[in-house]
Amino acid sequence: MSTLAHTMMTAARSADSGLAGPGELDRYPYAQAPAADRVGAPVWETADPELGRVGRRSAGSRGRGLHGQLVQQLGQMIVSGDLGADRPLVPEEIGQRFEVSRTVVRESLRVLEAKGLVSARPNVGTRVRPVSDWNLLDPDIIEWRAFGPQRDDQRRELSELRWTIEPLAARLAAGHGRPDIQQRLSDMVEIMAHAMAQGDALTYSRADAEFHSLLIQVAGNRMLEHLSGIVSSALQVSGNPVTGCDRPTEASLGHHGRIADALAAGDGTAAEAAMRQLLTVHPEVERVVPAPREH
C-alpha cells in the first residue's frame, strides 16, 4: 500500500478522536449519531409548543460553539416544518429560551438568512421563508432535510442530481489527466479494498467520498467543481440502498476501479459508462435508474 493510502486510512480511523487528517471528509457526524441524539422534545414553556421541538446534537460536534448549535437547532426546526413559512422569529424570545446572548442570536439568524431560510425586513422583523426560497444545495440544508420528514424526497433528489453530475464529470476528467490526482484516485480504491476486507465501513465510506470529490475537481469545469460538496453530502446522508456507493460490495469496488483505470487511460466514454454502472441502484430496489416522475 502506498504511503498516501496508509496515511488516508489512518486519518479516517482517527476521526472518533476528533483529529483531522488528510482526505478526512467527516463533515456530517450527525448522520452517524444515534437516533436518540438526533431527535428530542425539550418543549419550551410558551404558547407555541412546537417551538420547543428541537433537534438534539452533542455539544461541540460541529466545533462552532453556541452560535453553531443555535443555527443547527433553528435550522432543523425550520426544515422539519416545526417553524412554518412566514412564522415570525423574535430574537428576544429566542435568546431567552435558548439562554444565549443577543449577539449569538443575531449571528445565527444571519447565517440562516444566507441559507434562504429566513428573511429580515425593517418594520416586519425576521420571518421564516417558504421552501421555494431555500438554498437547497447548501450542505447543512441537505443534511437537515435528509434526517427530517423530507428524508425520502431529499435522498431521491440527491440520487437524481448525482446522475446528472457524475457521469459527465467522469467523462471530462478523462481529458484532464494529472499524475498526482490519478495516484490519489488509485489510493482511494486501494483503501476501499482494504477497508472492505477488514469490515471497516467508516474508512470505506470516507475513501469513497474522497474519490468522488477528487473526480469532480479534476473534471476541469469550475461550475461542476462547486457541486462537489453536494456529492459528498449525498454520500454522507444516503442511508438507503439508492446507489452503488451506499454500502461496500465487490461490484461497487470494481466499478470504482474501472473508473480509475479509464481515467488513467484517458478513455472518457469508458469512465462515463463505469460511473453510470456505479450509480445504478441495487437489484432489490424497484428501479434501476431514476425514472421520470408523474406531474
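Select D138 and K115 to begin: in this predicted model, their side chains make a polar contact at 2.9 Å. Keep D138 highlighted and look at its setting. D138 belongs to the loop between strand 3 and helix 6 (139-146). Is D138 buried or exposed? Its relative accessible area is 12%, and residues under 20% count as buried, so D138 is a buried residue.

**Zoom out for a moment**

Show the whole protein chain as a cartoon. You should be able to find 13 helices and three strands. The chain has 295 residues, and 45% of them count as buried. If you display contacts with a separation of 6 or more, 67% of them come from residues 24 or more positions apart.

**The sheet**

Now colour the three strands. They form an open sheet in the order 1-3-2, with antiparallel pairing. Strand 1 (88-89) and strand 2 (118-121) are the edge strands, each pairing on one side only. Strands of a sheet pair through backbone hydrogen bonds, either parallel or antiparallel.

Start with strand 2 and strand 3 (residues 125-128), which run antiparallel and are joined by four bridges. You can step along this pairing by selecting residues two at a time:

- V118, with V128 opposite in strand 3.
- S119, with R127 opposite in strand 3.
- A120, with T126 opposite in strand 3.

Then turn to strand 1, which pairs with strand 3 in the antiparallel sense over two bridges. Select P88 here and you will find R127 of strand 3 opposite. R127 is a nice residue to keep on screen, as S119 also stands opposite R127.

**The turn of the hairpin**

Follow strand 2 into strand 3. How many residues lie between the strands of this hairpin? There are three. Pick N123, which is in the loop between strand 2 and strand 3. The phi of N123 is near 65 degrees, a positive value in a residue other than glycine. Turn on the surface as well: N123 has a relative accessible area of 88% and is exposed.

**Helix 4 and the residue after it**

Next, select helix 4 (residues 91-98) and show the side chains. Which residues of helix 4 are buried? They are I94, G95 and F98. Look down the axis of helix 4 and these buried residues fall within an arc of 95 degrees, so they line one face of the helix. An α-helix has 3.6 residues a turn, so residues three or four places apart point the same way. Rotate to the other side of helix 4, where E92 and Q96 are exposed.

To see what the buried residues of helix 4 pack against, add helix 3 (65-80), strand 1 and helix 5 (102-114) to your selection.

Now move to E99, which follows helix 4. E99 sits in the loop between helix 4 and helix 5. Check its backbone: although E99 is not a glycine, its phi is positive, at about 55 degrees. With 71% relative accessibility, E99 counts as exposed.

**Helix 13**

Go on to helix 13 (residues 268-278) and begin at its N-terminal end. What caps this end? The cap is D267, with a side-chain oxygen 3.3 Å from the backbone nitrogen of T269.

Keep helix 13 selected and colour its buried residues: G268, A271, E272, A274, M275 and L278. They span an arc of only 165 degrees around the axis, which puts them on the same side of helix 13. Bring in the neighbours next. The buried residues of helix 13 pack against helix 7 (151-173), helix 9 (201-217) and helix 12 (250-265).

**Rings and a charge**

For the last stop, show the side chains of R155 and F147. Where does the charged end of R155 sit? You will find it over the ring of F147, 5.7 Å from the ring centre. If you then go looking for aromatic pairs, a search of the whole structure finds zero.

Notes:
Residues numbered from 1 in each chain as written. Predicted model: local features only at pLDDT ≥ 70, side-chain atom pairs only at ≥ 80, totals over all residues. Heavy atoms only, no water. Phe/Tyr/Trp six-rings, centres within 6.5 Å; stacked < 30°, edge-to-face > 60°. Lys NZ or Arg CZ within 6 Å of the ring centre and 35° of its normal. Buried < 20%, exposed > 50% of the residue type's maximum accessible area, 1.4 Å probe, protein only. Arc of directions from axis to C-beta. Contact = heavy atoms within 4.5 Å. Polar contact = N/O pair within 3.5 Å; in protein donor to acceptor, adjacent residues only side chain to side chain. Pairing = 2+ DSSP bridges.
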